Each structure stands twice: as structure tokens, then as C-alpha cells.
Amino acid sequence: MLGDKRSGPSGPGTTIGANVKLAGTLQDASDIVIHGRIEGEVISSQGINISESAYVKGPVSGELVTIAGKVRGSITATGKMEILPSGKVFGSITSKDLSIKSGAIFVGKCTMPTEEKEEIEEKEEEPTEKTKTTYEVE
Amino acid sequence: MGPPRGKIASRQEKTKDILGDLGIAGETVSPSAARTIEELTHLGIIKGYSTIVAVGDEALVNKVITVIATEKTAKDVVLGIIPENFQSALARKIGANDLNSACSILKQRRLSTTNLVLLDPNKYFITEAIIRTSRNQEIYFSIGDLKGKVSANLITIKPGLEIFIHDQTLEGSKPSQFFRWLFGKKETDVYSTYLHPKKIRLEAEKSLNIKIAEELVGKTPAVFSNRSRALKFIVGRGKIKSKD
């Protein structure tokens, strides 16, 4: 934790209890489980689990991010991101694999990976071509 | 060895006999009014002993460890341990079940390295330190820039600087715990905190006792640091950890 730059899985990770209030950057190479309250950045190269009792005010960045509590801030998941029915997210999300369960609250912008964006742009161009062709026939 | 008195003296004689039978020779010293454990360990290092065996309880072993970890010339000194209590965490750490097995472990001389915790300014320990209060206290901790506050009554600090903070009062009353146990209802423990920093400062509004094996070793505010792989010690079969 905090500057612990051991590569790969290392130990059981960090758990923040429901009776804990933190301010600052919480960083761990292993999983982070939050039941308490954090004002600051949460960074893990593995999983981040924000439980129902948790409140995070600040950016969250991890591989697998699961949210059952409340987050105010941007969330980046290099792998999968899931917002559970009790989850509330107010901020932007960046993830290539996103799941928002029924009942969850998400207020913000969602960005998917670049490949997906390119496909959308290509599809948007197609109708323009068709319109042009149709015009020429007329 | 610990100060020779009554049962301890006969145990020390027995230990010497077993070690002699195993062909382990060396100088045996005991603390007295003239020489403390720390001074005796320091003398052992000056004399150039490559192995120092601590025979006694956790407090004695931690005192020996503190000298070995502090002295620059003791870098290659190996620690052997013959614990007083074979049910203790110390005995489990070296894999000894009784006096005979503890002596045999010394004979086999399998080396391992272990993490230590440094309690500032100069106390090292190999087992665990406990901060316990009868009632919940607001405890403040800082890990670099990260500042935290927790209401807790038990903090355990283990080698590798693994810190468990627990609030027993939030688990519910004894009757509710009993009913949960009776009906097999398992609830997720959301009140325990686990941290593994390199360094942590703990502070409370009221100064709290820090104990190792029920011995008072310090008071809050206190700074604990991890000393990774700081001690070479002799362990039993199956207790050697790989370098990774």
C-alpha cells in the first residue's frame, strides 16, 4: 500500500472498514475493498470493491471495479466495471466492459475503448455515402 | 538464555544437555544485574559468533533481535530460537513442538529470512504487537500523505507490517452474536480494516499502551516501519519460504 510497488498479486490487499474515514491517495498493487469513507484517489492494479456502506469522493482506477456504494468522481477500469443495484456513481466512467444493474444510479459520461469508437464513426459515414448515391440517381 | 531461577534453571540445564548430545557447542550466558540481554548479545556479536541462540520468551527474543538488527556488524549473524512456550506464535514460526524438536532444528540449521517490524526509535519485533483498549477510542493513523481516523479497540501489528484494526463493539451485542451463531447466519465483517504499508504512525487522543506478549514496549503516538527480510533465523522443515 502507498508506494508498495511489488509486481503481481501481493498479499491479501487492503480492506478499509466501515468505521474508517480516510483522506489522501489509497494505492495498492493488490485488491482494495472499501466499506468506509474516502476523500481522495483510489488506485489498484487489480480489483477495487466499493461496498454498499462505502463512500468515495475522488477518482477511482483499477482493473476490475465493482461499485455497490456511492462514488463521486471519475472511474477508470482497465478490465471490467460493474455498478450493482445499490451503486450510485456521479462522474465519468472509462471502461471497455461495463455492466449497470437495474436500480443503480449513474449520472455522468461513459467512454468506451477506441476500437468501439472507430466502428461508430464508420457507421456514421455510411448513410452519407448512400444519400449521395441516391442524389446522383435522381 | 533468560535469568536462571528455579524451574528455568533446570530447564536451561536440560537445554544445555540436549544441545551437548546433539554436538552443538558454544558459550552460554545469562543476564544478570551486571549484564543485560542487550549487552550480552552485543558482546556475542563483538566476539564474532556467527549464530546467537535466544532461549526464552518473546520479550527476550525480541531484545536479542533488536541488537542483531541494529548492529551494523551483525549483518550476517544468524538467530536460533528456543522458545519458552511451545504453543506460542514464536514456536509456530520456527516449527518447534517441544524442547527436543527446537534443539534438533538448531542442529539441522535450515536458514530462512523474515520481516521485522521496527517500533521507533529502536525496538524490533518478530511476533506481533497489540494495542487494546477496553472501550473504543478514536485512533488516527497516517501513511505518508494518507490520513485516516478509525474508532477501534484492537490493533494488531504483525511482521511485514500487516495491520489489523478491529472494532469489536460494532459486531453487535453478545446476545445478537449468539443468535447469529445459533441460526448459522453469517454476516460479512465490514468493520475490520487491514493495511500493509511500509510505515505507519498511530496516534490516539489518550496515550495507548503497545504490548508484545503482554509486555509493555511503548505508547502511542508511535511509528511502525517494515524491515523486509531483515533477519536470518533457523527454522524447522517446511518453514522455509521461497525467495519470491
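Trainee: In which sense do strand 2 of chain A and strand 6 of chain B pair?
Mentor: Antiparallel, over 4 bridges. Strand 2 of chain A covers residues 20–23. Two strands pair if DSSP finds at least two bridges between them. Strands (E, at least two residues) and helices (H or I, at least four) are DSSP runs, numbered from the N terminus.

Trainee: Before we go on, what kind of model is this?
Mentor: This is a predicted model: local features need pLDDT of at least 70, side-chain atom pairs count only at pLDDT 80 or more, and totals for chains, interfaces and linings use all residues. Residues are numbered from 1 along each chain as its sequence is written, while chains are lettered from A and ligands numbered from 1 in the order in which they are written.

Trainee: Back to that strand pair. What is the bridge partner of V20(A) in strand 6 of chain B?
Mentor: V150(B).

Trainee: And how many residues of chain B are in contact with chain A?
Mentor: 21, touching 22 residues of chain A. Contact means that the C-beta atoms, placed from the backbone, lie within 7 Å. Strand 6 (146–158) and strand 8 (193–195) of chain B each give two or more residues to that side. The largest share, 6 residues, comes from strand 6.

Trainee: What classes are those chain B residues?
Mentor: 10 nonpolar, 6 polar and 5 charged. Nonpolar covers Ala, Val, Leu, Ile, Met, Phe, Trp, Tyr, Cys and Pro; charged covers Asp, Glu, Lys and Arg; the others, Gly among them, are polar.

Trainee: Now chain A alone. Do strands 4 and 7 of chain A pair in the parallel or antiparallel sense?
Mentor: Parallel, over 3 bridges. Strand 4 is residues 32–34 and strand 7 is residues 47–50. I34(A) has I50(A) as its bridge partner in strand 7.

Trainee: Which strand comes next to strand 7 of chain A by 4 bridges?
Mentor: Strand 10 of chain A, residues 64–67, again running parallel. There, the bridge partner of I50(A) is I67(A).

Trainee: How many helices and strands does chain A have?
Mentor: 1 helix and 16 strands. Chain B comes to 6 helices and 12 strands.

Trainee: What share of chain A's contacts with a separation of 6 or more join residues 24 or more positions apart?
Mentor: 5%. In chain B the figure is 69%.

Trainee: Okay, chain B's inside. Which residues touch the most other members of the largest nonpolar core?
Mentor: V64(B), I65(B), I68(B) and V117(B), out of 85 residues. A nonpolar core is a set of buried Ala, Val, Leu, Ile, Met, Phe, Trp, Tyr and Cys residues joined through C-beta atoms within 7 Å. Buried means 20 or more other C-beta atoms within 10 Å of a residue's own; exposed means 12 or fewer, and partly exposed is in between, with C-beta atoms placed from the backbone. Helix 3 (residues 58–70) of chain B gives this core its largest share, 7 residues.

Trainee: Where does the core lie in relation to the domains of chain B?
Mentor: Domain 1 (6–116 + 228–235) and domain 2 (129–227) both give residues to this core, so it lies between them. Those bounds come from an automatic or database domain assignment.

Trainee: Last one. Which residues of helix 5 of chain B are buried?
Mentor: A102(B), C103(B), I105(B) and L106(B). They fall within an arc of 150° seen down the axis, so they line one face of the helix. That arc is of the directions from the helix axis to the C-beta atoms.

Definitions and conventions. Contact = placed C-beta atoms within 7 Å.
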